Amino acid sequence: MSLDTPIAPTVPTRSTGLSRLAQDLLPALYQHRLIATSQLHRLFTPNARRPVYLRQQLKELRRTGLVDATARRTSRLGNPELLWYITARGADAVAYDPTVPRRGYRISPQTAASQLQEHTLTVVDTGIAFVDWSRRLGHECSPLDWEPEVAHRIRDGESRGVDDAFMIPDAVLRYTHTAEDGRRRMLSFFIEVDRATMQTTRLAAKLSAYARYQSYVPAAGGRSRRTTRETWRDHYPAFPRLLIVLTGASDRVLANRIQDLRALAAADPRVSQLSAGVTTLQLLQDKGPFAPIMTPLSGDPAPTDVFLAPLGGSRA
């Protein structure tokens with residue numbers, strides 16, 4: 001079934017007692033941890049004017065103890081928007097599906113109601129922007145094509161603690177691009193979301209971690225015989241492009257933040273080796289990833305798209 005196809009009410013399956021839509025919702029909630037009703041509507045029932053059937057299925061999942069909900073702390077509406085998450089019982093049910101990547105992290109009711117809500121929801125909004133535009137452009141990006149907080153270990157001798165021993169993107173996103181001539185490219189991205197709450201110097205330190213991971217080769221010894229192969233090659237066909245997505249402040253503040261990031265990136269020679277760019281969530285949503293919305297972190301500041309190559313140049 002195409003993602004463009006509206007998901008109509010279906011008869012619950014005999015094996016699970018859940019409708020097709022309910023079965024699709026469970027792995028998404030398992031993978032993304034916390035999603036608003038409006039976000040689920042955009043992902044799973046985009047052609048329905050109102051999410052009536054979606055709400056019915058969420059209510060049924062909640063009744064059976066597979067999911068639960070909490071109120072959004074910063075709802076702009078009269079009634080707080082519900083944010084949905086999978087329960088321990090629901091996570092155990094999803095764990096039987098061999099197609100769903102295992103996640104060691106389980107969200108608790110306390111975490112779901114915590115101040116981490118907005119950051120988690122912004123990461124979901126970023127993924128939704130790619131899904132929305134893939135539908136418009138005839139590309140491929142599904143609700144399960146991004147995975148939050150994938151830890152990448154770095155043992156390069158520069159670690160000063162647990163935080164420095166891992167590079168953890170806000171999400172790893174995969175996207176299949178189909179060109180006008182029919183050629184398909186499977187793209188992967190590291191996503192960093194900044195809601196203008198993090199000091200720019202701290203965000204720049206995260207860029208340094210990406211650069212370290214790009215060149216990290218495990219030390220010889222023990223069971224490892226690799227001495228020249230970078231660790232990332234065991235996980236990705238090519239090193240993912242790094243996309244920094246800004247939101248949470250005025251256009252002027254975000255523009256200044258972009259310039260500050262470029263200045264800090266220029267101070268670290270290793271960062272210049274990254275294929276990295278920065279944009280705003282609003283631009284990503286309004287114009288799409290293949291419009292000139294990205295400002296490269298290094299070199300020419302002329303806007304480009306998520307290929308992060310000069311427009312009209314090579315986009316390998």
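**Exercise 1. The three-stranded sheet**

How many bridges join β1 to strand β3, and in which direction do the two strands run relative to each other? Then describe the sheet and the helix across it.

*Solution.* The structure is a predicted model.

Step 1. The link between β1 and β3 (residues 82–86) consists of two bridges, and these strands run antiparallel. Within this pairing, Ile35 stands opposite Trp84 of β3.

Step 2. The open sheet is formed by three strands in the order β1-β3-β2, with antiparallel pairing. Its edge strands are β1 (35–36) and β2 (67–71), since each of them pairs on one side only.

Step 3. Helix α1, covering residues 20–32, lies across β1, β2 and β3 and runs at about 90° to β3.

**Exercise 2. Aromatic pairs**

Determine how two of the aromatic pairs are arranged and which parts of the chain they tie together.

*Solution.*

Step 1. The whole structure holds nine aromatic pairs. In one of them, the ring centres of Phe130 and Phe189 are 5.8 Å apart and the planes meet at 40°, so this pair is tilted.

Step 2. Phe130 belongs to helix α6 (residues 117–137) and Phe189 to strand β8 (residues 184–194); the pair therefore ties together parts 59 residues apart in sequence. Both Phe130 and Phe189 are buried.

Step 3. For Phe290 and Phe307 the centres are 5.7 Å apart and the planes stand at 50°, so this pair is tilted. Phe290 is in the loop between α9 (281–287) and β11 (295–296), while Phe307 is in the segment after β11; the pair therefore ties together parts 17 residues apart in sequence.

Step 4. Buried means under 20% relative accessible area. Phe307, at 3%, is therefore buried, whereas Phe290, at 21%, is partly exposed.

Step 5. Ring pairs also link a cluster made up of Phe190, Tyr210, Tyr213, Trp232, Tyr236 and Phe239.

**Exercise 3. The surroundings of Thr122**

Is Thr122 buried or exposed, and which residues is it in contact with beyond its neighbours within four places in sequence?

*Solution.*

Step 1. Thr122 is located in helix α6. Its relative accessibility is 8%, so Thr122 counts as buried.

Step 2. A polar atom of the Thr122 side chain lies 2.7 Å from the backbone oxygen of Glu118.

Step 3. With neighbours within four places in sequence left aside, the contacts of Thr122 are Val193, Arg195, Thr247 and Leu281.

**Exercise 4. A charge over a ring**

Which residue lies over the face of Trp133?

*Solution.* The residue is Arg136, placed 4.2 Å from the ring centre of Trp133.

Definitions and conventions: Residues are numbered from 1 along each chain as its sequence is written. This is a predicted model: local features need pLDDT of at least 70, side-chain atom pairs count only at pLDDT 80 or more; totals for chains, interfaces and linings use all residues. Side-chain values use heavy atoms; hydrogens and water are left out. Two strands pair if DSSP finds at least two bridges between them. Helices (H or I, at least four residues) and strands (E, at least two) are DSSP runs, numbered from the N terminus. Contact means heavy atoms within 4.5 Å. Axes are lines fitted to C-alpha atoms, for helices over the stretch in contact, and angles run from 0 to 180 degrees between N-to-C directions. Rings of Phe, Tyr and Trp (its six-membered ring) pair if their centres lie within 6.5 Å; planes under 30 degrees apart count as stacked, over 60 as edge-to-face and the rest as tilted. Buried means under 20% relative accessible area, exposed over 50%, partly exposed in between (1.4 Å probe, protein chains only). A charge sits over a ring if NZ of Lys or CZ of Arg is within 6 Å of the ring centre and within 35 degrees of the ring normal. A polar contact is a pair of N or O atoms within 3.5 Å; within protein, one must be able to donate a hydrogen and the other to accept it, and residues adjacent in sequence count only if both atoms are side-chain atoms.
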